[in-house]
Amino acid sequence: METRNSSRYKPLQVVLAVAALVVATMPAHAESGDPATTLWYSRPAQSWQREALPVGNGRLGAMIFGGVGHERIALNEDTVWSGSRVNWNRQGASKNLPRIRELLLAGKNAEAEKLVNETFTCVGGGSRGGARGPWGCYQELGNLHIVWDSDVESIQLNEWKYKMIETPGIDNISQQRAESERQVGEAVKVGMDETGWTDYVLDGGKAVKGARVFKIGDRAVLRHHLKLTKEQLDRLGVLRVSPEARNGRVFVNGNDVGWLAGWESVGNEVFRGDVSRFLVAGENVIAIDCMRYRQTGQLPLSASLDPREDTQRYRRSLDLRDAVATVEYEKDGVTYTREAFASAPEQVMVFRFTANKPGKVSFTASLDRLASFQTQADGTAGLLMTGQTSSGQSQVEGLKFVARLRAIHTGGKVSVTGDKLRAESADELVLLVAAATDYQGFAGRNTRDPVAATADDIARAAGKSFAQLRSAHVTEHRSYFDRVSIRLDDGKEESRTAANLPTDERLAVLAKGESDPSLAALYFNYGRYLLINSSRPGCMPANLQGIWAEGIQTPWNCDYHIDINVQMNYWPAEVTGLGDCHTPLFKLIESLQKPGAETAKEYYNADGWVAHVITNVWGFTAPGEQAGWGATATGSPWLCDHLWEHYDYHRDKEFLKWAYPIMKGSAEFFLDMLITDPKTGWLVTAPSNSPENTFKTPDGQVARICMGPTMDMQILRELFGNCIAAAKELGIDEDFRERLSASRAKLAPNQIGRHGQIQEWLEDYEETELQHRHVSHLYGLHPYDEITPESTPELAKAARVTLERRSDASTGWSMAWKANFWTRLHDGNRAHSLLTMLIKGGGRNLLCQHAPFQIDGNFGGTAAIAEMLLQSHGGVIRLLPALPDAWPNGKVTGLRARGGYEVDMEWRDGKVIHATVRNVSSPDGECVVRYGGVAKKIAVPKGESRVFTGNAGAPK
Ligand code: FUC
């Protein structure tokens, strides 16, 4: 095979030139925007995770709410982490390994689990310490608040009364719940008797009377009586509750007006909504049903009734091709427009505020954060926010972060007093925000002086006009986004009508069971958009929320879970032509080798390197803190599969030369770690888990620790196979290849259990939770391809049984994985049904809700859509392998196939009418294309294409 030593990607200039041409010639979108590339709404967002719209440039991110009187822009930078490096390895853990294995071989799983818990987990608390410990947590950078001038004063809601909701004497959980609900239902009613309630008085956000610490799980109802005059009623109407509330609901005069969200509310404003239609002149009762959800603390600490935000023609949108979020509305005869984007060329976020009449932009801007920050003036037109996260260790400095804001105005004036920036009567105001930290690691910016770096960023960007900044940004973004296009259509008038509705209304149409194929196209495009903007080359890999996170203690620390989640993030990368956005993950994998080699020695006395279930930006590779889930050691080989996949799509030997030693190190570890099960003679991993799942042994033990779970064996067959193929490609390591082949043949095989299912464990244990979200034992069906309907029909049938038994409904990412499984079984309708459940279960902003927001489901859903249209595993390019009936017509361009090909396709009435296979980088150009049950071998020289028309089985 030919060796390419040129860069793996097209020269950027060429891409940019092409993209610029496209920008210039594209027709303008209609009012509602292109339904496959526009998210839009007719009201502001209330919830960060379910409604706000994300913009990003791979490193910097913002969530746009579009509030009229108060715009909160939640800011992120991809290295804002707490924690620090420590040694999490348990010294000498390997001396316990023989005993753990002995117990497992003797079938004493529960005892083995106990011993693993005592002697074979990480030290230092692992991820449990979260934001406060050395493990750390990816956190918000802060918030940019824009409070527009108003001549109406807010009313602070300070005088509350509360009552605890308690259910003494009831120990049945569902009865407890029903009783709590009953009490809450009573307590929020307008005329109820408040005798015996405790006064709870606030002043400036602090409790001055009735202060009390509420424990996790404590539930209380708070009530506030508010007298409003007719005049006040005309001018006030937005209720705000912040920042300490947790799970619960808000009631106005007995009407349920919305939720106080759970995870997302780790301190930020948690409720903001126009409640004017529920208010009356005279006495009003505002009630909050509030439960402390994840942290002990106070009840809501600040609430106000703010000016009404009556507008006409309000529109909040995100254009995925431009990567620009826009807010537009009319107020008192003036049309206001805001635009927001995060520029990769300039490394700043850009926010522009303007109106169609001069002198209308007047507001106060501020930068804040939930904790650990100071904001000060930065010259006469800027603010500087600095701070430090907690390192989790007393002698170690936390990471320093900086956000710097600069205002550039046209007309009017700008001034700064203290930590506030005022814009008065400007025609237009552009806010530039730069941010950086001093994180030094495997990726990210790696600057030691974030104060200086942000000053440089701002100075550079401030030298350009808004139009220049915007057009450079759009061109650069499109150089990624326009690599692929998609159109899905069912030819129905109703679908076209639905497609032109605001995005939240399209979701409602979907929930009614009606169709809107272009919503799936939008979801697909959104997945590409999110990947481009959370994982550009050189940036940190996309974490559990990409780069978007709110709060200090974020869900699961917003880290990298390597037993499905971070891998799923990258499933769409190669097939949608975003192989370069895959590279941040490779940097993470590369960085795990060194700590992973120490872990391999300390726990297994093994060569090579290993990482288990979770990792962070501090090089964590030890087992997790609990035996029940922390012992899976195949996180690292699963990661290594991504290295091979990247090679397989591009056939770039330079990349393989770089990646192979990493893969080899992972294989070396398992050659040492595997043991022989004397009962069968098979090689198995021990100890391990089938990710996060529990079983029951025939003698009644409930355990999670086991040997040789099916997933491990599948991953190792894949790793060893890939290493053999890679070493062959590179013409090296013949002896090692032989060792791998010999061991590979002895790995415990896939087995079919007593229900006809793919067995999840080495033994046919009973599952304690049949519908568990992880379906790890189908790894061999997807992403690996050792189970296919064509090559292993019996196993494929068993995989079907497994999926039926697991059932469809689950958490976000789990449904996304199931959609992918069904595509590999060529059941497009079932995949479509799962995809629909996934989309419906997401937020109004289409962000996948685990819940809470977890981005893996977006990426998994995007990959599933690609797999419905094109598959290329096992050396065969399959056109429309799992097309659902719901998408009879469509067109896709730019999808990538393994081997180095790019495919465009158009289909009508479920049949391909036109397809092009281009050889982008295959050295030999020989490929097999399969469509409609017919496989053809064709030759496509490098740089050329083959076109298929009519029945695509017959190349022209
Ligand atoms: C794994 C999953 C959970 C969640 C977490 C981030 O532990 O089992 O469902 O997605 O990762």
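Select Asp332, in the loop between strand E18 (324-331) and strand E19 (334-343) of this predicted model. Show the surface there: Asp332 is exposed, with a relative accessible area of 70%. Now look at the backbone, where phi of Asp332 is near 45°, a positive value in a residue that is not glycine. Most residues other than glycine have a negative phi.

**A second positive phi**

Go next to Trp556, where phi is near 50°, again a positive value outside glycine. Trp556 sits in the loop between helix H10 (517-534) and strand E29 (560-561). Is Trp556 buried, exposed or partly exposed? Its relative accessible area is 35%, so Trp556 counts as partly exposed. Keep Trp556 selected, since it is one of the residues around the ligand.

**The ligand**

Add the rest of the shell to the selection. Besides Trp556, the residues around the ligand are Leu544, His561, Asn565, Glu692, Arg773, His774, Trp813, His850 and Gln854. Colour them by class, and the shell divides into 3 nonpolar, 5 polar and 2 charged residues.

Which distances separate polar side-chain atoms from oxygen atoms of the ligand? Three can be drawn in the viewer:

- Asn565: a polar side-chain atom is 3.1 Å from an oxygen atom of the ligand.
- Glu692: a polar side-chain atom is 2.6 Å from an oxygen atom of the ligand.
- His774: a polar side-chain atom is 2.6 Å from an oxygen atom of the ligand.

Then show the ligand with the protein surface around it. On its own the ligand has 290 Å² of accessible area, and the protein covers 97% of that.

**Two cis peptide bonds**

Stay with His850 from the ligand shell. The peptide bond from His850 to Ala851 is cis, with omega near -10°. Ala851 belongs to the loop between helix H21 (828-840) and helix H22 (856-869).

For another cis bond, select His782 and Pro783. The peptide bond that runs from His782 to Pro783 has omega near 10°. Pro783 is placed in the loop between strand E35 (766-767) and helix H19 (793-806). Most peptide bonds are trans.

**Asn253 and its partners**

Move to Asn253, in the loop between strand E12 (247-252) and strand E13 (255-260). With 16% relative accessibility, under the 20% limit, Asn253 counts as buried. What does the side chain of Asn253 reach? Label these atoms to see:

- The side chain of Asn284 makes a polar contact with the side chain of Asn253, at 2.8 Å.
- The backbone oxygen of Phe278 lies 2.9 Å from a polar atom of the Asn253 side chain.
- The backbone nitrogen of Val285 lies 2.7 Å from a polar atom of the Asn253 side chain.

Widen the selection to the contacts of Asn253 beyond four places in sequence. Among them are Leu279, Val280 and Glu283, and also Val190. Val190 is 63 residues away from Asn253 along the chain, yet their C-alpha atoms are separated by 5.6 Å.

**Met192**

From Val190, step along to Met192. Met192 lies in the loop between helix H4 (173-187) and strand E8 (198-203). Its relative accessibility is 21%, so Met192 counts as partly exposed. Which residues does Met192 touch, leaving out those up to four places away in sequence? They are Glu186, Ala187, Trp197 and Arg223. To cross the model, draw a line from the C-alpha atom of Met192 to that of Ala799: the two are separated by 57 Å, and the residues are 607 apart along the chain.

**His477**

Select His477, in helix H7 (residues 466-481). A relative accessible area of 0% means that His477 is buried. Outside its neighbours within four places in sequence, His477 is in contact with Leu320, Arg321, Asp322 and Ala323. Its other contacts of this kind are Tyr529, Ile532, Asn533 and Arg536.

**Confidence**

Finish by colouring the model by pLDDT. The protein averages a pLDDT of 93, and 94% of the residues score at least 70. Two stretches can be picked out. Over residues 263-267 the pLDDT stays under 50, and the model has 27 contacts for them beyond four places in sequence. Residues 952-956 also have a pLDDT below 50, with 16 contacts in the model beyond near neighbours in sequence. Where pLDDT is low, the predicted coordinates should not be read in detail.

Conventions
Residues are numbered from 1 along each chain as its sequence is written. This is a predicted model: local features need pLDDT of at least 70, side-chain atom pairs count only at pLDDT 80 or more; totals for chains, interfaces and linings use all residues. Side-chain values use heavy atoms; hydrogens and water are left out. Helices (H or I, at least four residues) and strands (E, at least two) are DSSP runs, numbered from the N terminus. Buried means under 20% relative accessible area, exposed over 50%, partly exposed in between (1.4 Å probe, protein chains only). Contact means heavy atoms within 4.5 Å. A polar contact is a pair of N or O atoms within 3.5 Å; within protein, one must be able to donate a hydrogen and the other to accept it, and residues adjacent in sequence count only if both atoms are side-chain atoms. A residue is near a molecule or strand if one of its heavy atoms lies within 4 Å of it. Accessible areas come from the Shrake-Rupley method with a 1.4 Å probe; for residues, only the protein chains shown count as cover. Ala, Val, Leu, Ile, Met, Phe, Trp, Tyr, Cys and Pro count as nonpolar, Asp, Glu, Lys and Arg as charged, and the others, Gly among them, as polar. pLDDT is the predictor's confidence in each residue, from 0 to 100.
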